[in-house]
Amino acid sequence: MRMPAWATGACLILASLLTAATRPVVAEEIVLRGTLYEPGKLQIGTRMPVCGRTRTVVTADLGDYGASIGGFIVLNPVRLDRLSAATRLFVYSHECAHQLYGPGEEQADCYAARRGKAEGWLLESDIDQICMIFPHKSRSPEHPNRAERCAAIRSCFDSAAVPAAAPVLAPQDRDFR
Ligand SMILES: [Zn+2]
């Protein structure tokens, strides 16, 4: 299986698998060793997220939180389990955007922020933890610095519409109404 150019280091959320660009076999092995989930079969928090027909591979062999390798979303449970459900769903959605739209880190972040707001699993306060998993300084030309990346995510979140069918309530409004 030959990986498309965008499926190598550029599309990793933290780009720590940059070796995949020169050693694609490593990335293939990561996928082969993982546990495969059919679309909609992997539970993240209380959700069963879907990304078209994309399957998800879960493996601790990935040197990052998440990645888009070939036609798969790849997630590292060891790294993600320490994070909130909102952050885990953000990582999944970010990699989903690479599957649907290809390269483009800001586009992938924006897709995840908008999707999270629209689906009701992402509150503005959740963005703080999401920002903490980004490196302070850019690790590649495709990945902006943490501050730039966070500002762009907040902007996408603010401008995203909230469908009437899925209202996002402030935490204090969640109970007894
Ligand atoms: Zn990415």
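Trainee: I take two residues to be in contact if their C-beta atoms, placed from the backbone, lie within 7 Å of each other. On that basis, which residues of H4 meet which residues of H6?
Mentor: Please keep in mind that this is a predicted model. From H4, the residues are Glu106, Asp109, Cys110, Ala113, Arg114 and Lys117. Their partners in H6 are Arg149, Ala152, Ile153, Cys156 and Phe157.

Trainee: How many of those contact residues are nonpolar, polar and charged?
Mentor: Six are nonpolar and five are charged, while no polar residue takes part in the contact of H4 with H6.

Trainee: And at what angle do the axes of H4 and H6 cross?
Mentor: The angle is roughly 40°, and the axes of H4 (residues 105-119) and H6 (residues 146-159) come within 8 Å. H4 is therefore oblique to H6. The crossing in which H4 passes H6 is right-handed.

Trainee: Let me step back. How many helices and strands does the protein have?
Mentor: There are six helices and four strands. Read from the N terminus, the order is α-β-β-β-β-α-α-α-α-α.

Trainee: What share of the residues count as buried?
Mentor: Of the 177 residues of the protein, 37% do.

Trainee: Which residues have the most contacts inside the largest nonpolar core?
Mentor: They are Val31, Ile69, Ile73, Val74, Tyr92 and Ala113, in a core of 33 residues. At least two residues of this core come from each of H1 (24-33), E3 (66-69), E4 (72-75), H3 (85-101), H4, H5 and H6. H3 provides the largest share, with six residues.

Trainee: What does Val31 touch, leaving aside its neighbours within four places in sequence?
Mentor: Val31 is in contact with Val57, Ile69, Gly70, Phe72 and Val74. Ile69 and Val74 also belong to the group with the most contacts inside the core.

Trainee: Back to H3, then. Is Val91, for one, buried or exposed?
Mentor: Val91, which is found in helix H3, is buried, because 26 other C-beta atoms lie within 10 Å and 20 or more suffice for that label. The C-alpha atom of Val91 is separated by 8.3 Å from that of Leu75, a residue 16 places away along the chain.

Trainee: At what angle do H3 and H4 pack?
Mentor: The angle is about 125°, with the axes 8 Å apart. H3 and H4 are therefore oblique to each other, and H3 passes H4 in a right-handed crossing.

Trainee: Which residues make that contact of H3 with H4?
Mentor: H3 contributes Ala86, Leu89, Phe90, Ser93, His94, Ala97, His98 and Tyr101. H4 contributes Gln107, Ala108, Asp109, Tyr111, Ala112, Arg115 and Gly116. By class, the contact has eight nonpolar, five polar and two charged residues.

Trainee: One last topic: where does Leu122 lie?
Mentor: Leu122 is in the loop between H4 and H5 (127-132). Leu122 counts as buried because it has 26 C-beta neighbours inside 10 Å.

Trainee: And what does Leu122 touch, not counting residues up to four places away in sequence?
Mentor: Leu122 touches Ala86, Phe90, Ala113, Gly116 and Lys117. In addition, Leu122 and Ala85 are 37 residues apart in sequence, with a C-alpha to C-alpha distance of 9.1 Å.

Trainee: Across the protein, what share of contacts between residues at least 6 apart in sequence join residues at least 24 apart?
Mentor: The share is 59%.

Notes: Residues are numbered from 1 along each chain as its sequence is written. This is a predicted model: local features need pLDDT of at least 70, side-chain atom pairs count only at pLDDT 80 or more; totals for chains, interfaces and linings use all residues. Axes are lines fitted to C-alpha atoms, for helices over the stretch in contact, and angles run from 0 to 180 degrees between N-to-C directions. Angles under 35 degrees count as roughly parallel, over 145 as roughly antiparallel, 65 to 115 as roughly perpendicular and the rest as oblique. A crossing is left-handed if the near helix is turned anticlockwise from the far one by less than a right angle, and right-handed if clockwise. Ala, Val, Leu, Ile, Met, Phe, Trp, Tyr, Cys and Pro count as nonpolar, Asp, Glu, Lys and Arg as charged, and the others, Gly among them, as polar. A residue is buried if 20 or more other C-beta atoms lie within 10 Å of its own, exposed if 12 or fewer, and partly exposed in between; C-beta atoms are placed from the backbone. A nonpolar core is a set of buried Ala, Val, Leu, Ile, Met, Phe, Trp, Tyr and Cys residues joined through C-beta atoms within 7 Å.
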